Amino acid sequence: MQFNEEALKFLNLGISAEISAYVFYKHAAAVLQDKALKETILKIAGDEKEHFLSLEDVYDRNVRSEMWAPYKDILNKPGLPDIDELIQDTHKELLAKIRKIATKRDVLEMGLSLEKEAFELYSNASAKASHPEVRKVFDFLVGFERSHVELFEMELAAL
Ligand SMILES: [Fe+2]
Ligand SMILES: [Fe+2]
């Protein structure tokens, strides 16, 4: 199966967005005192890890590439493994922002903005996808990220 440039572009953007979100949630969970929210955030980190693996799987089955291989090696491990060292170069900006996260509101606001970005990315990707398999993956992710957006909106409203 051959994907066009557009599909590959969105797959790459998605993979990168999932890695960022995963790393953010792992750090965010560490600063949260609220036990219930901490658990929710770790569950979302697990969702983003699965999203990374689904996208990487589609990418890998269609384009044999070493591009995401180091991330896959680590994220394929059970639980929520650490990938900080690996992301130093590619996600410097994100790590800088994460260091400023101190309160529950900071976590919720940054989470909401990451989820909105992901939702828009996949909505756009789905609308432009001509390949049914690719569209199916993006549609699945649209639904998932919508539920993440709603979750953060609810938590922020309850503050
Ligand atoms: Fe995701
Ligand atoms: Fe998400």
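Begin by selecting helices H1 and H2, whose axes come within 8 Å of each other and cross at roughly 160°. An angle over 145 degrees counts as roughly antiparallel, and H1 and H2 are therefore roughly antiparallel to each other. Their crossing is left-handed, and the contact of H1 with H2 is made up, by class, of 16 nonpolar, two polar and six charged residues. Please keep in mind throughout the tour that this is a predicted model.

Stay with H2 and select residues 35-62, a helix of 28 residues that reaches 41 Å from its first C-alpha to its last, close to the 40 Å expected at 1.5 Å a residue. Now show the side chains of Ile41, Ile44, Glu48, Lys49, His51, Phe52, Leu55, Glu56, Val58 and Tyr59, which are buried in H2. To see what covers these buried residues of H2, add helix H1 (5-31), helix H3 (69-75), H6 and H7, which are included in that cover.

Next, go back to H1 and select leucine 13, which has its place in that helix. Leucine 13 has 17 other C-beta atoms within 10 Å, and so it counts as partly exposed. If you draw a distance from leucine 13 to alanine 118, C-alpha to C-alpha, you will find 9.4 Å in space between two residues that are 105 residues apart in sequence.

Alanine 118 leads on to H6, since Ala118 is among the buried residues of that helix, together with Val107, Leu108, Met110, Gly111, Leu114, Glu115, Tyr122 and Ala125. The cover over the buried residues of H6 includes H1, H2, H5 and H7, so these helices are worth colouring separately while H6 is on display. For its length, H6 has 25 residues that should span 36 Å at 1.5 Å a residue, and this agrees with its end C-alpha atoms, which are 36 Å apart.

Now bring in H7, and look at H6 (residues 104-128) and H7 (residues 132-157) as a pair, packed at an angle of about 155° with their axes 8 Å apart. H6 and H7 are therefore roughly antiparallel to each other, and the crossing of H6 and H7 is left-handed. The residues of the contact of H6 with H7 divide into twelve nonpolar, four polar and eight charged.

Two residues, one taken from each helix of this pair, make useful stops. Serine 123 is placed in helix H6 and counts as partly exposed, because it has 16 C-beta neighbours inside 10 Å; from its C-alpha to that of leucine 141 the separation in space is 8.6 Å, while in sequence the two are 18 residues apart. Glutamate 133 is found in helix H7 and is partly exposed as well, with 14 other C-beta atoms within 10 Å. Select phenylalanine 3 alongside glutamate 133, and the C-alpha atoms of the two lie 9.9 Å apart in space, although 130 residues separate them in sequence.

For the last stop, move to helix H5 (residues 92-99), where arginine 99 has its place. Is arginine 99 buried or exposed? Arginine 99 counts as exposed, because it has 9 C-beta neighbours inside 10 Å, and 12 or fewer is the cut-off for that class. A distance drawn from the C-alpha of arginine 99 to that of glutamine 33 comes to 16 Å, for two residues that are 66 residues apart along the chain.

Note on methods:
Residues numbered from 1 in each chain as written. Chains lettered and ligands numbered in written order. Predicted model: local features only at pLDDT ≥ 70, side-chain atom pairs only at ≥ 80, totals over all residues. Axes fitted to C-alpha atoms, helices over the stretch in contact; angles between N-to-C directions. Helix = DSSP H or I, 4+ residues; strand = E, 2+ residues; numbered from the N terminus. Parallel < 35°, antiparallel > 145°, perpendicular 65-115°, else oblique. Left-handed = near helix turned anticlockwise from the far one by under 90°. Nonpolar A, V, L, I, M, F, W, Y, C, P; charged D, E, K, R; others polar. Expected span 1.5 Å × (residues − 1). Buried ≥ 20, exposed ≤ 12 C-beta atoms within 10 Å, placed from the backbone. Contact = placed C-beta atoms within 7 Å.
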